[in-house]
Structure formats: C-alpha cells, structure tokens
Amino acid sequence: NDRGPVYRIPPDNPFVDDPQARPEVYAYGVRNMWRCSFDRGEPDTKEGKGRLFCGDVGQNKYEEIDIVEKGKNYGWRAREGFSCYDKKLCVNSSLDDVLPIYAYPHKMGKSVTGGYVYRGCESPNLNGLYIFGDFMSGRLMSLKEDHATGEWQYSEICMGTGQTCMFPGLINNYYQYIISFAEDEAGELYFMSTGVPSATAPHGVVYKVVDTSRRAPPGKCQVEPLPVKVKSKLVKFVPKEKLIVKTPTPRPRLRTTTEAPRRGWPDPATSHTPALDRVDQAPVNRSVMLVPATAPSPKPGKGERKGQRRKKKPRNGAVRLMDGGSRGRSWGRVEVYVNGEWGTVCDDGWSSAAAAVVCRQLGFPYVVRASKKAEFGEGTSLRILLDDVQCSGQEKTLLECAHTEVGTHNCSHEEDAGVVCTCPLPN
C-alpha cells in the first residue's frame with residue numbers, strides 16, 4: 001500500500017467498522033499463541049475444514065488449546081485455562097468468554113506447542129486426532145472430539161522404548177524440547193525438537209510421526225508431490241529407524257545378588273507383551289541390567305553368628321515393585337529408596353517415560369503400561385517421597401529425573417504410581 005500498513009485487512013474482519021478497535025484484530029483475549037494450524041478437514045466429508053487450532057502458553061499454572069473463532073474473546077488476562085487468573089477481572093469479565101477445548105496443569109508441562117489435526121493416510125489410527133506437545137516436558141499429546149457432546153477427550157500418546165505401544169505405537173526416542181509441528185502436502189505429521197531448551201538452538205531434528213501399530217495397506221497412500229521452488233539443495237529424508245521382524249531376544253542375565261528376584265520374568269499366560277516392530281538404529285546395551293532392589297536388612301539378632309554376612313543395603317534411588325507383599329515381579333506399585341528409607345511415588349502426571357526408567361532399573365528392557373491411581377494398591381504404610389516426576393526415559397534412576405523436593409508433594413496415596421514391565425519371551 002502507498003499509505004497505511006504494508007498488509008491488507010480482510011473486509012469481513014470483525015472490527016473493521018469499530019473506531020475503538022484495530023481493524024486487523026481477528027480475535028482477542030489470548031496470551032502467547034505458540035503455533036496455530038488450520039484443519040484441512042476429513043478427507044471425504046470435509047467435516048471440520050477451516051477450524052483454527054492454537055496452543056496458548058500460560059502464565060503460572062495452566063496451558064491451553066483453543067479453537068479460535070472470528071471476533072471471540074478468549075479470556076486472558078482474567079482467565080488462565082478454565083481458572084481465574086485475576087480474580088477481580090474474572091468477576092467482572094463478560095459472560096461470553098470462550099473457554100479452551102483443553103487445559104493442562106504445569107505438572108504435565110510448562111509451555112504448550114500447538115500441533116495439527118491429523119488428516120493423513122499412512123497412520124489411520126491417528127485420523128481426526130489433534131496432536132500437540134509441550135516444549136519443556138517433551139510430552140506428545142492428543143485430543144479426540146466426541147461428536148455427540150462436542151467435548152475433546154485427552155489421551156497421552158503412548159510411547160515405548162524400542163517397542164510398539166498399545167496406542168499408538170510410537171518410539172519414545174526424540175529430543176525433548178518440541179519447538180513446532182508441520183504437515184506435508186499429504187497431511188502426514190512432523191515435529192521438530194532440540195536437545196536444549198531454546199527455540200533459537202542452531203541444531204535439532206525433524207521427526208515424522210509414524211504409527212507402527214497399524215499402517216495403511218501398501219500402495220493406498222499415493223500422493224503426487226506439489227512442485228515447490230527452493231533455493232537450496234534438496235536433502236532426501238532418510239529415517240533413522242529400521243523395520244525388524246519379531247526377532248527372538250536372548251534372556252538377559254542379572255548380576256548375582258544376596259537375594260535373587262522371584263518370578264522376575266513375566267508369565268506367558270498373563271503378560272502383556274507387545275509386538276516389536278521398530279527399534280532405534282543406535283545399539284542398545286542389553287547386557288547391563290540393574291538388579292531389583294532388596295529391602296534393608298535388620299541388624300543381626302542374638303541367634304546370629306558374628307561372622308555371618310549381612311545383606312547389602314539398597315543404593316540411593318533403587319526401586320522395587322510391590323503388590324500384595326510380593327517382590328521381584330514385572331508389575332506392581334512403584335516404591336523408591338531415598339536417604340535410608342523406602343517410600344512411594346505419587347504422581348497424577350505419571351508417564352510411560354518415567355515407567356521406562358523403573359523397568360530398566362529392575363532389569364526389564366520394556367515398559368507395557370504406566371499405571372496411575374493406585375492400580376496396584378496404596379502404599380499407606382510408607383511416606384510419599386517423590387512427586388511431579390518428569391523423565392526423558394533415558395535416566396539411570398528415578399532420582400535423576402526432574403521431581404519436587406524429596407518428601408514434598410500435593411497428592412495422596414490414591415495416586416500412587418505403578419508400572420507393568422516386560423521383555424521378549426524366550427522361544
């Protein structure tokens with residue numbers, strides 16, 4: 001333009017004729033939108049086409065996902081998520097504020113990264129899911145619309161360590177700090193992340209989201225690439241995972257201890273052993289297995305001889321799985337040894353990445369499920385030692401993960417964490 005801004009304002013913008021508003025404003029009441037995307041709609045019916053999804057980074061407590069509509073008020077700074085941020089403003093705010101379709105607390109992550117509604121062809125399990133992440137915690141999450149109620153149901157994308165998870169089957173092997181999402185001309189989904197918490201990091205990786213648990217039939221997803229003018233050389237995409245056919249894995253040996261674990265391997269009749277579809281190309285050291293922790297030994301009584309060997313105390317950060325008093329099993333409530341005492345892990349944000357650390361400590365290479373809400377019983381006889389545990393999945397012990405101060409928590413034993421571990425069954 002010769003006069004005014006160097007951009008055009010659509011004539012149907014909501015505040016074009018309002019002298020007290022900037023004419024370029026489309027919606028308001030947002031805080032810090034980090035990545036918005038348009039839904040390209042269901043391929044056949046085009047249902048949902050044109051919806052604008054945005055992740056709005058919160059201030060103190062909550063991150064939110066909004067569907068942004070023309071001329072609507074999204075509540076900031078009266079509201080943060082579904083809660084009041086400024087109580088005075090919240091009381092006096094208009095009644096037509098648009099609430100988010102989903103909000104999550106800072107227990108789960110502290111900086112939302114908005115994503116896309118998956119409309120691709122290759123991974124039919126993901127169809128219609130809004131997939132997004134968190135920059136700080138590295139969680140990959142999804143929302144599914146309930147068409148009957150209009151509500152969006154949350155589901156953390158199930159991640160495994162070199163195995164296929166129950167839903168969907170993705171490999172938990174990526175840089176934690178998720179910066180942005182993207183889709184290609186076929187609607188397939190990508191995200192990029194770095195190994196340092198900075199959006200200006202000079203290096204990182206672009207990942208393609210592939211659901212290994214169910215793929216489209218070969219040849220179905222035929223896409224004619226659109227010609228794109230580029231100034232640099234094209235770099236061909238080469239995946240760093242390799243496809244494997246279920247190969248038998250030798251039973252790993254545990255180091256000799258003063259107390260051998262009982263039934264340390266899952267029962268073939270009851271175990272939930274997922275198929276092994278894809279593994280990371282980097283070699284996995286399966287020969288070094290940590291020993292299941294044992295309870296601290298009492299001091300020798302009168303009937304014991306002085307020269308009798310005493311059991312070793314567990315190391316700081318050791319874990320054990322407990323259910324009904326049995327030890328050494330592949331599933332149970334998580335208990336951790338910290339500073340000379342056993343206690344429980346209580347965390348309503350307990351994830352499969354943290355569960356993978358527990359399984360690895362106990363000598364199991366895979367985690368099947370990270371259970372919450374005291375599925376394997378409550379450890380009411382013990383103190384709650386860890387809460388708000390956030391792991392990348394590669395730590396050696398739970399104490400290496402981010403967590404609140406030992407003994408500090410805001411939950412009850414009803415939220416005691418549990419895990420189900422497994423390893424490939426021998427032939």
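Which residue in β9 does Phe132 stand opposite? Phe132 stands opposite Met141, and I will start from that pair and work outwards. What we are looking at is a predicted model, in which local features need pLDDT of at least 70 and side-chain atom pairs count only at pLDDT 80 or more, while totals for chains, interfaces and linings use all residues. Residues are numbered from 1 along each chain as its sequence is written, and side-chain values use heavy atoms, with hydrogens and water left out.

Strands here are DSSP runs of E with at least two residues, numbered from the N terminus, and two of them pair if DSSP finds at least two bridges between them. Strand β8, residues 130-134, and strand β9, residues 140-145, run antiparallel and are joined by four bridges. They belong to an open sheet of four strands, antiparallel in its pairing, with the order β7-β8-β9-β10. Because β7 (112-117) and β10 (152-156) stand at the edges with a single partner strand each, one side of each is left without a neighbour in the sheet. On average, neighbouring strands of this sheet are turned by 25° against each other, direction ignored, with axes taken as lines fitted to C-alpha atoms.

Phe132 also appears in an aromatic cluster, together with Phe53, Tyr102, Tyr104, Tyr130, Trp152 and Tyr154. For the rings of Phe, Tyr and Trp (its six-membered ring), a pair requires centres within 6.5 Å, and planes under 30 degrees apart count as stacked, over 60 as edge-to-face and the rest as tilted. By this rule the count comes to 16 aromatic pairs. One of them, Trp76 with Tyr85, is tilted, at 4.8 Å centre to centre and 35° between the planes. The rings of Trp331 and Phe376 are also tilted, with their centres 5.4 Å apart and their planes at 35°. Since Trp331 lies in strand β19 (residues 331-338) and Phe376 in the loop between β21 (366-371) and β22 (383-386), this pair ties together parts that are 45 residues apart in sequence.

As for accessibility, buried means under 20% relative accessible area, exposed over 50%, and partly exposed in between, with a 1.4 Å probe and protein chains only. Trp331 is partly exposed at 24%, whereas Phe376 is buried at 11%.

Finally, Leu226, found in the loop between β15 (205-208) and β16 (241-243), counts as exposed at 60% relative accessibility. Together with Val228, Val230 and Leu234, Leu226 makes a nonpolar surface patch of about 460 Å², where patch residues have over 30% relative accessible area and no salt bridge (a side-chain nitrogen of Lys or Arg within 4 Å of a carboxyl oxygen of Asp or Glu), and nonpolar side chains are joined within 5 Å.

Methods. Axes are lines fitted to C-alpha atoms, for helices over the stretch in contact, and angles run from 0 to 180 degrees between N-to-C directions. Patches are made of residues with over 30% relative accessible area and no salt bridge: like charges are joined within 9 Å, nonpolar side chains (Val, Leu, Ile, Met, Phe, Trp, Tyr) within 5 Å. Accessible areas come from the Shrake-Rupley method with a 1.4 Å probe; for residues, only the protein chains shown count as cover.
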